[in-house]
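Colleague: I've got a few questions about the strands and the core of this one. Shall we go through them together?

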Amino acid sequence: MSLVKLNIKGISYSQTQNGAYALILNEVDGERKLPIVIGAFEAQSIAIALEKEIRPPRPLTHDLFKNFADRFDIVVKQVIIHKLVDGVFYSSLICERDKIEEIIDARTSDAIALALRFDAPIFTYKNILDKAGIYLKVNPKSDDEQDDSILVDDLVAEEIESNIQDNYKDKSLKELNNLLDEAVANEDYETAARIRDEISKR
């Protein structure tokens, strides 16, 4: 399977889920966007890493990981979003120490927050982008101006929300409850919140 390189296009506040954000990844050599729902803490951590000028007075969790890795000569070489199951993205950190490569499982939001701190490229597989990628115009500004923008506009946020919610529309209530139990068991609270919202709508 061929890998597709992604970059971060922006972050939008979720209109339907309290405290959740949508991270928008853009394919480098194409027009498709990959929206991923993330928690408020991860959104803050990613936004701080994107801003460069903002330095928190104490290290955030992802900064601590970076400092720890630097101290022990561990480098994150790249991040790969390798699987999509029921609207949940699974990622891996490709790390290296003493020329030995290791693959570490990670939540996608954490993996991207770390990729920014290590200046590591982000990839996904073409079949994942085919399945979950959407076409969006983030805002009417020029490309140069877009790169400086972290928050995307409300229209885009609504479109992302509708695409994300579509993942659960064809599920029965029983299937949704099973997915909710599974998400809680896996401590994937972001997904659990999305499923709970869909159950509440029913």
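Colleague: Why is strand β5 largely enclosed by the rest of the structure?

Modeller: Bear in mind that this is a predicted model. Strand β5 covers residues 88-97, 10 in total. A residue counts as buried under 20% relative accessible area. β5 is largely enclosed because the number of its residues that are buried is seven of the 10.

Colleague: And which residue in β5 is the bridge partner of leucine 84?

Modeller: Strand β4 takes in residues 75-85, and it pairs with β5 in the antiparallel sense over nine bridges. The hairpin of β4 and β5 has two residues between the strands, and aspartate 86 has a positive phi there, near 50°. For leucine 84, the partner in β5 is phenylalanine 89.

Colleague: What about the other hairpin: which residue takes a positive phi near 55°?

Modeller: β5 also pairs with strand β6, residues 100-107, in the antiparallel sense over eight bridges. Isoleucine 94 stands opposite isoleucine 103 of β6. Two residues lie between the strands in the hairpin of β5 and β6, and the one with that phi is aspartate 98.

Colleague: Which element gives the largest share of the largest nonpolar core?

Modeller: That core has 33 residues, and Leu25, Leu34 and Ile46 have the most contacts inside it. Elements giving two or more residues to it include β1, β4, β5 and α4. The largest share is seven residues, and it comes from α3.

Colleague: Which residue of α3 (108-118) does leucine 25 touch?

Modeller: Leaving aside residues up to four places away in sequence, leucine 25 touches several residues, including Leu6, Ile8, Leu34 and Ile81. Given that α3 spans 108-118, the one you're after is Ile112.

Terms used. Residues are numbered from 1 along each chain as its sequence is written. This is a predicted model: local features need pLDDT of at least 70, side-chain atom pairs count only at pLDDT 80 or more; totals for chains, interfaces and linings use all residues. Side-chain values use heavy atoms; hydrogens and water are left out. Buried means under 20% relative accessible area, exposed over 50%, partly exposed in between (1.4 Å probe, protein chains only). Helices (H or I, at least four residues) and strands (E, at least two) are DSSP runs, numbered from the N terminus. Two strands pair if DSSP finds at least two bridges between them. A nonpolar core is a set of buried Ala, Val, Leu, Ile, Met, Phe, Trp, Tyr and Cys residues joined through side-chain atoms within 4.5 Å. Contact means heavy atoms within 4.5 Å.
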